[in-house]
Amino acid sequence: MVLDILLGLIGLVIAAVTLRDVFDTVVVPGTSHTSLHVARRLVLVLLPIWKRIRGRRRALSGNFAPIVLVSSFVIWMSLLMLGFGMIAYALRSLFAPPLSSFGEAVYVVGSALVTIGVGESEPHGSARAVIVAAGFCGLAVMTMAVTYLLEVQDSIGRRDTGIMKLNTSAGEPPSALALLERYAAIRNQREIGEILHEARNWCATIRQSHSAHPSLIYFRTERTGPGWPAALGALLDLALIAEWCLRDESLYGPGILLRDDGVRVATELAAMIKLQPRAVDTSESDLRELAARLTTAGYALRDDVDFAEFAEQRAQAQSAVTAMAEHLGQPAAILIRR
């Protein structure tokens, strides 16, 4: 009797902790507050293996994040089967015929969890509540899985739309200088301010969706080329150029705001997956070459450009983005494409 009570309590704890992890991961924005962290632990285990298989020079494939996501739901359902199976086995005498083994108990509650209900033993008394609870939890988890997948697809679509638009004008990997030269070549410099505003909206979208569901960090769409870290890095370079180089006061404020938003996105996401910023070496000679090419393209530059401070600001702004790109095995944004 005492062992059955202990077994039932342990099963109840396993089921409760699992449901809390599902709820915090799928429903509540932000990271899970439970001790399981199934999705995060799967990434920690599978990411080094995946990188070793693909090699250092190859980025994560588009299959990595979906495999982690599906595996998370498989583990959650398995843990629920284990927890409810322990409870059912503790109440085995309330089934007709009585459950003969722990495996049979897991099978009975598992059939309830997946809502097929093919168990041969009929529950009575409190065992009925266990079966009903298992069926309800299984239905809830599967419903949340479908809803979560739709939300993931929507978030990825909004993120990748901005990346593809940027790659069209900035190249692959994207470069802020290439973007500015492209817009100068097509005589469309007046749209630079609108790009800065749209980039802030894009950063806000990334911050909201990826902070709420960290698994989105690892989703990669093949047609987006280098991926979202490179796009974010290019937008940060564009913001810094508008702030430090271009003699256009209408771009100065939007540039500062975009820089602040971009740095916050990169810093928060890097901290969320426990990445340390990477040092970025930006030479003054590269910045002087950038300024010369902007002048050639027809842009008016400030007379008092402080290239030393510009280099320091870029190193700070790109540090978290570079760490994210290296973590994902993807290239960072380039300052000058030669």
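Reader: Which side chain meets the side chain of R314 in a salt bridge?

Author: First, the general idea. Side chains of opposite charge can pair when their charged atoms come close. Now this structure, which is a predicted model. Here the side chain of R314 meets that of D237, at 2.7 Å from N to O. R314 sits in helix 11 (residues 307-328) and D237 in helix 8, so the pair ties together parts that are 77 residues apart in sequence.

Reader: Is R314 buried or exposed?

Author: Use the cut-off. Buried means under 20% relative accessible area. R314 has 6% relative accessibility, so R314 counts as buried. D237 has 2%, so D237 counts as buried too.

Reader: How many salt bridges does the structure hold?

Author: The structure holds 15 salt bridges. Salt bridges can also share partners: E243, R259 and D260 are joined into one network that way.

Reader: What about R207 and E268?

Author: Their side chains meet in a salt bridge, 2.9 Å from N to O. R207 is in helix 7 and E268 is in helix 9 (residues 249-272), so this pair ties together parts 61 residues apart in sequence. Now check accessibility. Partly exposed runs between the 20% and 50% cut-offs. R207 has 32% relative accessibility, so R207 counts as partly exposed. E268 has a relative accessible area of 30% and is partly exposed as well.

Reader: Which residue forms a salt bridge with K165?

Author: E198 does, and the closest N and O atoms are 3.5 Å apart. The pair links distant parts of the chain: K165 belongs to helix 5, E198 to helix 7, and they are 33 residues apart. E198 is partly exposed, at 38% relative accessibility.

Reader: How do I read a pocket, and how much space lies in the second largest one?

Author: Rolling a probe the size of a water molecule over the atoms shows where empty space is left. In this model, about 370 Å³ of space lies in the second largest pocket. It is lined by 17 residues, and the closest to its centre are G162, K165, L166, I195 and E198. You have just met K165 and E198 as a salt bridge.

Reader: Which elements give two or more residues to that lining?

Author: They are helix 5 (126-170), helix 6 (176-185), helix 7 (192-212) and helix 8 (228-244). Helix 5 gives the largest share, six residues. Then sort the lining by class: nine residues are nonpolar, four are polar and four are charged.

Reader: Which residues make the nonpolar surface patch of about 460 Å²?

Author: That patch is made by M1, I5, L9 and L12. L12 is found in helix 1 (residues 2-26).

Reader: Now the backbone. Where are the cis peptide bonds at P97 and P173?

Author: Read the omega angle. A cis bond joins A96 and P97, with omega about -5°. P97 is in the loop between strand 1 (95-96) and helix 4 (102-113). The bond from E172 to P173 is also cis, with omega near -10°. P173 is in the loop between helix 5 and helix 6.

Reader: What is the phi of R187?

Author: Phi of R187 is positive, about 55°, although R187 is not a glycine. R187 lies in the loop between helix 6 and helix 7. With a relative accessible area of 71%, R187 is exposed. Now try K274. Phi of K274 is near 60°, again positive in a residue other than glycine. K274 is found in the loop between helix 9 and helix 10 (284-297). At 64% relative accessibility, K274 counts as exposed.

Note on methods. Residues are numbered from 1 along each chain as its sequence is written. This is a predicted model: local features need pLDDT of at least 70, side-chain atom pairs count only at pLDDT 80 or more; totals for chains, interfaces and linings use all residues. Side-chain values use heavy atoms; hydrogens and water are left out. On a 1 Å grid over the protein atoms alone, a cavity is a set of points where a 1.4 Å probe fits but cannot get out, and a pocket is an open set with protein on both sides within 12 Å along at least five of seven lines; lining residues have an atom within 4 Å of a point. Grid points are joined across faces, edges and corners, and a volume is the space filled by probe spheres set on the points. Helices (H or I, at least four residues) and strands (E, at least two) are DSSP runs, numbered from the N terminus. Ala, Val, Leu, Ile, Met, Phe, Trp, Tyr, Cys and Pro count as nonpolar, Asp, Glu, Lys and Arg as charged, and the others, Gly among them, as polar. Patches are made of residues with over 30% relative accessible area and no salt bridge: like charges are joined within 9 Å, nonpolar side chains (Val, Leu, Ile, Met, Phe, Trp, Tyr) within 5 Å. Accessible areas come from the Shrake-Rupley method with a 1.4 Å probe; for residues, only the protein chains shown count as cover. A salt bridge is a side-chain nitrogen of Lys or Arg within 4 Å of a carboxyl oxygen of Asp or Glu. Buried means under 20% relative accessible area, exposed over 50%, partly exposed in between (1.4 Å probe, protein chains only).
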